[in-house]
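Visitor: I have this one open on my screen and would like to talk it through. Could you take me around it?

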Amino acid sequence: MKRTTFYSIHKNLNAKLVEFAGYEMPVQYSSIIAEHKAVRQSVGVFDVSHMGEVFVRGEKAFDFVQEITINDVEKLFPGRVQYSAMCYEDGGIVDDLLVYCISEKEYLLVINASNIEKDFAWMQKNNSFDVELINASDEYSLLAVQGPNSKKIIEKLYGKELTLEYYHFLQDKMLDVEMIISRTGYTGELGYELYFKGDEQVATKIWNALFEAGKEFDIQPVGLGARDSLRLEMGYCLYGNDIDQTTNPLEAGLSWITRLSKSHFIGKEALLLAKQNGLKRKLTPLVIEERAFPRHGYTVVFKSKEIGSVTSGTVSPILEKGIALAYLSTETLKETKEVQMLIRGREISAQVGRLPFISK
Amino acid sequence: MNIPQALKYTKEHEWISVNGNIATVGITDYAQGELGDVVFVDIDPNLQEVKQHSNFGTIEAVKTVSELYAPCSGKVLEINKMLTDTPETVNIDPYGEGWMIKIEITNPAELSELLDDAAYSQLIGE
């Protein structure tokens with residue numbers, strides 16, 4: 001199993017470590033609920049170094065990224081980040097990703113850890129633009145610093161005021177380490193992500209500096225468990241659960257990143273057709289008022305007929321209710337706002353909710 | 001890891017304390033640690049009787065869900081109502097306030113197959 005540069009730190013903090021995408025990663029340090037609340041109320045730090053980083057370089061880097069991603073790269077300029085996805089010809093999703101525009105001839109694509117090999121092969125296969133593709137995933141450490149107090153901490157380390165807008169980034173030295181500082185994250189909170197190279201010593205220096213600067217805000221290390229509940233409270237999709245090769249971005253609620261007006265991209269024809277034919281199902285937020293908690297795979301029924309299944313489910317630490325995402329037929333959704341979920345043989349009432357689950 | 005000497009254990013990580021013919025049952029410190037934040041202890045309030053090894057409820061944590069198994073057969077005397085509103089008690093005090101049910105033991109012979117603290121600690125690799 002692979003380990004990130006923060007492995008010893010996790011060990012020393014007594015984190016519960018689990019295998020995730022081939023990495024030994026912390027799922028929780030103290031308690032998922034406490035870590036979740038730390039991010040919502042103050043600030044938390046996630047080691048997400050397992051994520052993949054692919055650099056695209058060349059004269060036609062723009063054209064390449066425009067062709068393999070569904071969002072409009074035309075909207076980007078140096079220092080701007082974009083949430084996007086790659087699709088297959090049939091409209092199924094290869095992966096969701098972040099596109100960083102370093103220059104018109106250089107982009108950084110940040111992809112899911114579990115998809116690195118598959119994505120990189122897909123990029124190589126579709127490289128008809130003669131761009132250079134560099135998989136730098138193993139070289140980069142990545143920390144996400146998330147929460148309302150994150151800015152103050154990053155500014156302390158940076159030594160300057162940070163004026164970064166949402167989904168913008170800069171490249172500069174922080175604590176003498178060359179870094180991409182990006183105002184991104186997957187929690188719904190004000191937050192930053194720090195990309196940097198270097199060994200365990202460099203990583204430890206950054207980690208310790210963050211925790212020293214964050215002491216006054218009771219900064220907490222946060223594991224993958226809370227990362228999942230935080231993203232689900234916002235209704236953000238997780239690849240492998242809510243989206244995969246069998247789902248298209250339109251039914252997943254990602255039409256806002258699907259630029260069908262672009263002259264071309266892989267999957268465009270299939271997605272146009274899907275839109276014309278009308279979507280058969282939609283990723284739908286569900287809320288359970290009773291004390292019963294939805295889990296991945298649970299069946300959703302209406303009038304005792306199966307109409308879908310839960311792709312992500314948890315108890316929301318903020319709402320203290322069960323929240324879930326499930327693909328439900330659009331026919332049923334026209335008819336009702338209340339469905340049932342089969343939980344241990346009982347039909348539990350679930351309300352069709354709105355995203356995000358929590359009000360921000 | 002806290003594994004009290006006075007208790008008996010099951011392979012499914014329940015503990016049982018026996019006082020005369022009354023057994024008190026909960027889950028072990030190890031089990032609560034593995035589960036993480038407990039958010040719901042689901043035991044049928046009308047549960048009258050349990051059989052040894054039978055499922056008597058479900059425990060929901062943020063990340064996972066796990067079944068509860070009776071360490072012995074008997075009549076259910078009491079279900080811990082406190083856990084309805086404060087399920088996290090199971091995390092905080094698994095051997096005390098976090099108990100789950102009290103059973104009137106009908107077949108004391110069944111107790112012989114339970115694990116003692118040494119056997120349980122071996123089971124969890126302590």
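Guide: We can go through the interface, then the cysteines, and then one loop residue, bearing in mind throughout that this is a predicted model.

Visitor: OK, interface then. How many residues of chain B are in contact with chain A?

Guide: On the chain B side there are 20 residues in contact, and they meet 17 residues of chain A. The area buried between chain B and chain A comes to about 1400 Å², and carbon and sulfur atoms give 47% of that.

Visitor: Which three residues supply more than any other three of the area that chain B buries?

Guide: Those are D37(B), V62(B) and K63(B), which together supply 39% of the area that chain B buries against chain A.

Visitor: And how many salt bridges are there between the two chains?

Guide: The count between chain B and chain A is 4 salt bridges. One of the pairs joined in this way is E60(B) with R295(A), whose side chains meet at 2.4 Å, N to O. As for polar contacts, 13 residue pairs are found across the interface of chain B and chain A, with both residues of each pair at pLDDT 80 or more.

Visitor: Which elements give two or more residues to the chain B side?

Guide: For chain B, the elements that do so where it touches chain A are the helices α1 (29-35) and α2 (82-85), together with the strands β4 (38-42), β6 (55-61) and β7 (65-69). Sorted by class, that side of chain B has 8 nonpolar, 5 polar and 7 charged residues.

Visitor: Switching topic: how many disulfides does the structure hold?

Guide: Over all chains, the structure holds 0 disulfides. C87(A) is in no disulfide, and the nearest cysteine sulfur to it, that of C237(A), is 12 Å away. The case of C237(A) mirrors this, since its nearest cysteine sulfur is that of C87(A), at 12 Å, and C237(A) is likewise in no disulfide.

Visitor: Are those two buried or exposed?

Guide: C87(A) is buried, with a relative accessible area of 0%, and C237(A) also counts as buried, at 4% relative accessibility.

Visitor: Last one, N115(A): where is its place in chain A?

Guide: N115(A) lies in the loop between β7 (106-111) and α4 (116-125) of chain A. Although it is a loop residue, N115(A) is buried, with a relative accessible area of 5%.

Visitor: What is N115(A) in contact with, leaving aside its neighbours in sequence?

Guide: Once neighbours within four places in sequence are left aside, N115(A) is in contact with V94(A), D95(A) and Y239(A).

Definitions and conventions: Residues are numbered from 1 along each chain as its sequence is written. Chains are lettered from A and ligands numbered from 1 in the order in which they are written. This is a predicted model: local features need pLDDT of at least 70, side-chain atom pairs count only at pLDDT 80 or more; totals for chains, interfaces and linings use all residues. Side-chain values use heavy atoms; hydrogens and water are left out. A disulfide is a pair of cysteine sulfur atoms within 2.5 Å. Buried means under 20% relative accessible area, exposed over 50%, partly exposed in between (1.4 Å probe, protein chains only). Contact means heavy atoms within 4.5 Å. Buried area is the accessible area (1.4 Å probe) that two parts lose on being put together, summed over both. A polar contact is a pair of N or O atoms within 3.5 Å; within protein, one must be able to donate a hydrogen and the other to accept it, and residues adjacent in sequence count only if both atoms are side-chain atoms. Helices (H or I, at least four residues) and strands (E, at least two) are DSSP runs, numbered from the N terminus. Ala, Val, Leu, Ile, Met, Phe, Trp, Tyr, Cys and Pro count as nonpolar, Asp, Glu, Lys and Arg as charged, and the others, Gly among them, as polar.
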